[in-house]
Amino acid sequence: MKGIIACLTGLGLGVYVYSGEAKDCLGLLAAGAGAILGHNWPVYFGFKGGKGALTGVAVLFMVDWVMALICLGFFVMVVASTRYVSLGTICAAMLFAVISFLPVFGHTFYFYIFTVVMALIVVFKHKENIRRLLSGTENKLSFGSSRASSI
């Protein structure tokens, strides 16, 4: 909810930037980035927070729901094939940055900066997961208890 409320607040500011036929709401992008940064590094908890993935998904749906659906579908495919949620999250964040540059989506330079910075933050916050993935010790998603599967 914090990502959605922040984006709605930013959208309400009505600060838009135009570049040719592309248009983006700078208030929405700034508020969305603020929600993610605030989730990852909250002042009240000594700058120790989460990884911002779920807040990032909410913000992504607010800034471009088509891109969000594409990234969500990609996330599901990666997790379904590997059972690594962290890998799916990292891959979806990187896909978000890559597809944001496609002209079909019609965004501005400010949107490109937003997507690259947000994707880099996701990768940075998952650095321990990346180490575990590379060493083969990352936890996999399971769909049942170990007790039930041993019966």
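Helices and strands are DSSP runs numbered from the N terminus, a helix having at least four residues and a strand at least two. On this basis the predicted model contains eight helices and two strands, which follow one another along the sequence in the pattern α-β-β-α-α-α-α-α-α-α. The C-alpha atoms occupy a box of roughly 60 × 40 × 25 Å along the principal axes, and of the 151 residues of the protein 38% count as buried. Among contacts with a separation of 6 or more, 57% join residues that are 24 or more positions apart.

Two loop residues are set apart by their backbone geometry. Arg83, which is found in the loop between α4 and α5, has a positive phi of about 65° although it is not a glycine; at 36% relative accessibility, Arg83 counts as partly exposed, because the class of partly exposed residues runs between 20% and 50%. Phe47, in the loop between α2 and α3, likewise has a positive phi, near 65°, in a residue other than glycine.

Helix packing was examined next. Two packed helices are described by the angle between their axes and the distance between the axes. For helix α2 (residues 26-40) and helix α6 (residues 109-125), the axes come within 11 Å and cross at roughly 10°; since angles under 35 degrees count as roughly parallel, α2 and α6 are therefore roughly parallel to each other. On the α2 side the contact involves Leu26, Leu29, Gly32, Ala33, Ile36, Leu37 and Asn40, and on the α6 side Tyr110, Phe111, Phe114, Met118, Ile121 and Lys125. The residues of this contact of α2 with α6 divide into ten nonpolar, two polar and one charged.

The pairing of α2 with α3 has another geometry, with an angle of about 175° and axes 9 Å apart. As angles over 145 degrees count as roughly antiparallel, α2 and α3 are therefore roughly antiparallel to each other. This contact is made by Leu28, Leu29, Gly32, Ala35, Ile36 and His39 of α2, together with Thr55, Gly56, Val59, Met62 and Val63 of α3, and its residues divide into seven nonpolar, four polar and no charged.

The span of each of the helices α2 and α6 agrees with expectation. At 1.5 Å a residue, the 15 residues of α2 should span 21 Å, and the end C-alpha atoms of α2 are indeed 21 Å apart; for the 17 residues of α6, the expected span is 24 Å, and the end C-alpha atoms of α6 are 24 Å apart. In α2 the buried residues are Gly27, Leu28, Leu29, Ala31, Gly32, Ala33, Ala35, Ile36 and Asn40, and these pack against α1 (2-13), β2 (22-25), α3 and α6. In α6 the buried residues are Phe111, Tyr112, Phe114, Thr115, Met118, Ala119, Ile121, Val122 and Lys125, and what covers them includes β2, α2, α3, α4, α5 and α7 (127-135).

The packing of α1 on α2 can be followed through Ala6, which is found in helix α1. At 18% relative accessibility, Ala6 counts as buried, because the limit for that class is under 20%. Leaving aside neighbours within four places in sequence, Ala6 is in contact with Ala31 and Ala35, both of which are among the buried residues of α2. Ala6 and Leu102, by contrast, are 96 residues apart in sequence and 26 Å apart in space, C-alpha to C-alpha.

The largest nonpolar core has 21 residues, and those with the most contacts inside it are Leu60, Val63, Met67, Cys71, Phe96 and Phe114. The elements that give two or more residues to this core are α2, α3 (53-63), α4 (65-82), α5 (85-99) and α6. With neighbours within four places in sequence left aside, Phe96 is in contact with Leu60, Met67, Cys71, Phe111, Phe114 and Thr115.

Phe111, a residue of helix α6, counts as buried at 0% relative accessibility. Beyond its neighbours within four places in sequence, Phe111 is in contact with Asp24, Leu29, Val63, Met67, Phe96 and Ser100. The C-alpha atoms of Phe111 and Leu26 are separated by 8.4 Å although these residues lie 85 residues apart along the chain, and both residues take part in the contact of α2 with α6.

Conventions: Residues are numbered from 1 along each chain as its sequence is written. This is a predicted model: local features need pLDDT of at least 70, side-chain atom pairs count only at pLDDT 80 or more; totals for chains, interfaces and linings use all residues. Side-chain values use heavy atoms; hydrogens and water are left out. Axes are lines fitted to C-alpha atoms, for helices over the stretch in contact, and angles run from 0 to 180 degrees between N-to-C directions. Angles under 35 degrees count as roughly parallel, over 145 as roughly antiparallel, 65 to 115 as roughly perpendicular and the rest as oblique. Contact means heavy atoms within 4.5 Å. Ala, Val, Leu, Ile, Met, Phe, Trp, Tyr, Cys and Pro count as nonpolar, Asp, Glu, Lys and Arg as charged, and the others, Gly among them, as polar. A nonpolar core is a set of buried Ala, Val, Leu, Ile, Met, Phe, Trp, Tyr and Cys residues joined through side-chain atoms within 4.5 Å. Buried means under 20% relative accessible area, exposed over 50%, partly exposed in between (1.4 Å probe, protein chains only). The expected span of a helix is 1.5 Å times one less than its number of residues.
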